[in-house]
Amino acid sequence: MSVREEQQKYIHLMQQYTEGKRLKYHIVTYGCQMNVHDSEKLAGMLQEMGYEEAQELEDADLILFNTCCVRQHAEERVYGNVGALRSYKQSNPNLIIGVCGCMMQQQEAADDIIKKFPFLDLVFGTHNLHHFPKLLYEAINSGHMVVEILDEEGKVVEGLPARRASNVSAYVTIMYGCNNFCTYCIVPYVRGRERSRLPEDILDEIRGLAANGCKEVTLLGQNVNSYGKDLNKGYLFTALLRDVNKIENIERIRFVTSHPKDLSDELIEAMAECEKVCEHIHLPLQAGSNEVLRKMNRRYTREDYLRLVDRLRARIPDIAISTDIIVGFPGETEEDFRDTLDMVERVQYDSAFTFIYSPRKGTPAARMPDELDIEVKKERLNRLIALQNDISKARNQLYMDKVVEVLVEGVSKNNPKMLSGRTRTNKLVHFEGGSELTGEFVKVKITLPKAFTLEGHMI
Ligand code: SF4
């Protein structure tokens with residue numbers, strides 16, 4: 001039986017179980033876009049099984065925590081939030097609670113969760129996502145905790161249903177895993193080595209999305225720039241971008257994440273030539289000091305990185321650049337940190353995700369000497385954030401009085417009278433308008449650039 005056939009069998013059994021019960025699910029997602037999209041797949045399977053979405057956790061008959069192991073903070077929140085459900089389970093023994101995601105792909109973390117929270121019904125890893133209907137069926141029918149953690153790399157399983165958060169803008173996974181082994185990162189150990197989806201499967205999925213009204217796709221992978229290398233067909237990321245660019249009704253293409261060492265001239269050329277590829281790139285710097293970059297095993301220097309930025313800006317003048325930066329890597333000196341500040345000044349990022357380094361068990365960096373004092377890390381982080389905020393504000397000032405194309409995402413979360421949407425350069429724009437414009441492209445004149453958002457009015 002194929003994976004999809006097995007899945008269909010259990011979806012069918014679950015449909016019989018949910019029939020007439022109006023059962024609801026709630027998924028709590030931690031971490032990156034890959035996890036957000038995994039949650040969309042879980043939601044897609046749940047909808048097929050007959051569950052409806054519960055907006056509030058309190059209203060759910062099934063609660064899933066899709067965990068992330070990349071940041072310590074996310075792990076700590078999982079413990080707190082799962083623990084808080086103990087009383088729910090006591091007052092409603094029929095409630096099903098599951099924990100999944102990449103934190104569960106680490107045997108030690110999974111064992112710990114199982115031991116601490118014996119009231120859980122279901123524990124499974126990222127590689128077991130496609131078995132979810134079967135695992136849920138077993139959890140409901142066995143009455144005891146069902147655990148499945150495969151330590152082999154996940155297969156690329158096609159045809160999983162997904163319930164996407166938006167009809168207009170969709171995430172499309174193009175590859176799984178990562179081969180890079182940056183010394184601080186747990187991803188290659190828990191998500192496995194790079195496995196690319198076949199181009200025809202990706203293109204079919206995007207054609208299907210376009211036929212259902214999707215206008216924007218974000219191609220997802222830990223390192224999209226090395227897409228296709230494992231397929232040995234000579235069909236690489238640039239070829240994929242060019243083919244997605246040809247799909248009718250898709251009007252914007254984005255992609256994350258790009259590793260600087262794999263950002264080739266051909267890719268920059270394809271970005272410039274494909275009119276649907278947005279003028280934005282997320283290019284993680286991580287550190288500005290060559291010594292720290294070497295210890296991180298990033299395999300580029302600050303000079304290489306600056307050359308890339310020059311090439312990008314020469315070919316795509318209006319490109320917005322965002323980044324990730326880690327502060328306080330083991331042994332980072334004040335001088336190393338100043339190199340990071342210097343890079344931030346030179347590159348003039350539109351935005352940056354900044355993090356304090358925290359060791360992840362099982363990674364080489366966790367065994368490195370010279371761990372920095374938390375107060376030193378915090379002080380450096382604050383200096384970095386202050387600098388980046390000034391730069392973000394200045395970059396946004398450049399939009400004053402400009403007219404930008406915005407894809408409307410919907411009513412603003414903070415102000416129900418405003419709509420929000422994004423420019424091609426990935427700037428969040430707020431403006432007045434009716435919710436019927438959701439999913440449309442509109443022209444907005446910017447009248448109030450702020451540090452993190454732009455405000456304006458439709459013209
Ligand atoms: S490129 Fe480095 S940081 Fe990114 S997922 Fe791979 S190992 Fe982790």
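In which helix does Q388 lie? The legend to the opening view answers this, and the further views follow the same predicted model.

**View 1. Residue Q388 in its helix.** Q388 belongs to helix α14. With a relative accessibility of 4%, Q388 counts as buried, because the limit for a buried residue is under 20%. A reference point elsewhere in the chain is H73, which is 315 residues away from Q388 in sequence. Between the C-alpha atoms of Q388 and H73 the separation is 22 Å.

**View 2. Strand β4 and its two parallel neighbours.** Strand β4 covers residues 96-101, and six of its six residues are buried. In a regular strand, side chains alternate between the two faces of the sheet. In β4, one side carries I96, G98 and C100, the other I97, V99 and G101, and these residues are all buried, so that both faces are covered. Strand β3, residues 62-67, pairs with β4 in the parallel sense through six bridges. Within this pairing, I63 has I97 of β4 as its bridge partner. Strand β5, residues 122-124, also pairs with β4 in the parallel sense, here over two bridges. V99 is matched with V123 of β5.

**View 3. The open sheet of β7, β10 and β11.** Three strands in the order β7-β10-β11 make up an open sheet with parallel pairing. The edges are taken by β7 (169-173) and β11 (252-256); each has a single partner strand, so one side of each lacks a neighbour in the sheet. From one strand to the next, the twist averages 25°. Five bridges connect β10, residues 216-220, to β11 in the parallel sense. L220 has V256 in β11 as its bridge partner.

**View 4. A cis peptide bond following V256.** The bond that leads from V256 to T257 is cis, and its omega is near 0°. T257 itself is located in the loop between β11 and α10, the latter spanning 265-273.

**View 5. Two loop residues with positive phi.** Q286 is a residue other than glycine, yet its phi is positive, near 70°. Its location is the loop between β12 (280-282) and α11 (290-295). Q286 has a relative accessible area of 8% and is therefore buried, the limit being under 20%. D401, likewise not a glycine, has a positive phi of about 70°. D401 is placed in the loop between α14 and β15, where β15 spans 403-411.

**View 6. The closed barrel.** Five strands form a closed barrel in the order β15-β16-β17-β19-β18, and their pairing is mixed. On average, neighbouring strands of this sheet are turned by 50° against each other, direction ignored. One parallel pairing within this barrel is that of β17 (residues 428-432) with β19 (residues 454-458), joined by three bridges. F431 has G456 in β19 as its bridge partner.

**View 7. Aromatic pairs.** The model contains 11 aromatic pairs. One of them is formed by Y300 and Y305, which are tilted, with 6.1 Å from centre to centre and 40° between the planes. Y300 and Y305 are both buried. F329 and Y357 form an edge-to-face pair, 5.2 Å centre to centre, with planes at 70°. F329 lies in the loop between β13 (320-327) and α13 (334-347), and Y357 in the loop between β14 (351-356) and α14 (374-397), so this pair ties together parts 28 residues apart in sequence. F329 and Y357 are also both buried. Elsewhere, ring pairs link Y79, F117 and F119 into a cluster.

**View 8. Lysines over tyrosine rings.** K21 lies over the face of Y17, at a distance of 3.9 Å from the ring centre. K402 places its charged end over the ring of Y399, 5.9 Å from the centre of that ring.

**View 9. The shell around the ligand.** The ligand is surrounded by C178, N180, F181, C182, Y184, C185, V187, P188, Q222, H259 and R298. Sorted by class, this shell has seven nonpolar, three polar and one charged residues.

Definitions and conventions: Residues are numbered from 1 along each chain as its sequence is written. This is a predicted model: local features need pLDDT of at least 70, side-chain atom pairs count only at pLDDT 80 or more; totals for chains, interfaces and linings use all residues. Side-chain values use heavy atoms; hydrogens and water are left out. Rings of Phe, Tyr and Trp (its six-membered ring) pair if their centres lie within 6.5 Å; planes under 30 degrees apart count as stacked, over 60 as edge-to-face and the rest as tilted. Buried means under 20% relative accessible area, exposed over 50%, partly exposed in between (1.4 Å probe, protein chains only). Helices (H or I, at least four residues) and strands (E, at least two) are DSSP runs, numbered from the N terminus. A charge sits over a ring if NZ of Lys or CZ of Arg is within 6 Å of the ring centre and within 35 degrees of the ring normal. A residue is near a molecule or strand if one of its heavy atoms lies within 4 Å of it. Ala, Val, Leu, Ile, Met, Phe, Trp, Tyr, Cys and Pro count as nonpolar, Asp, Glu, Lys and Arg as charged, and the others, Gly among them, as polar. Two strands pair if DSSP finds at least two bridges between them. Axes are lines fitted to C-alpha atoms, for helices over the stretch in contact, and angles run from 0 to 180 degrees between N-to-C directions.
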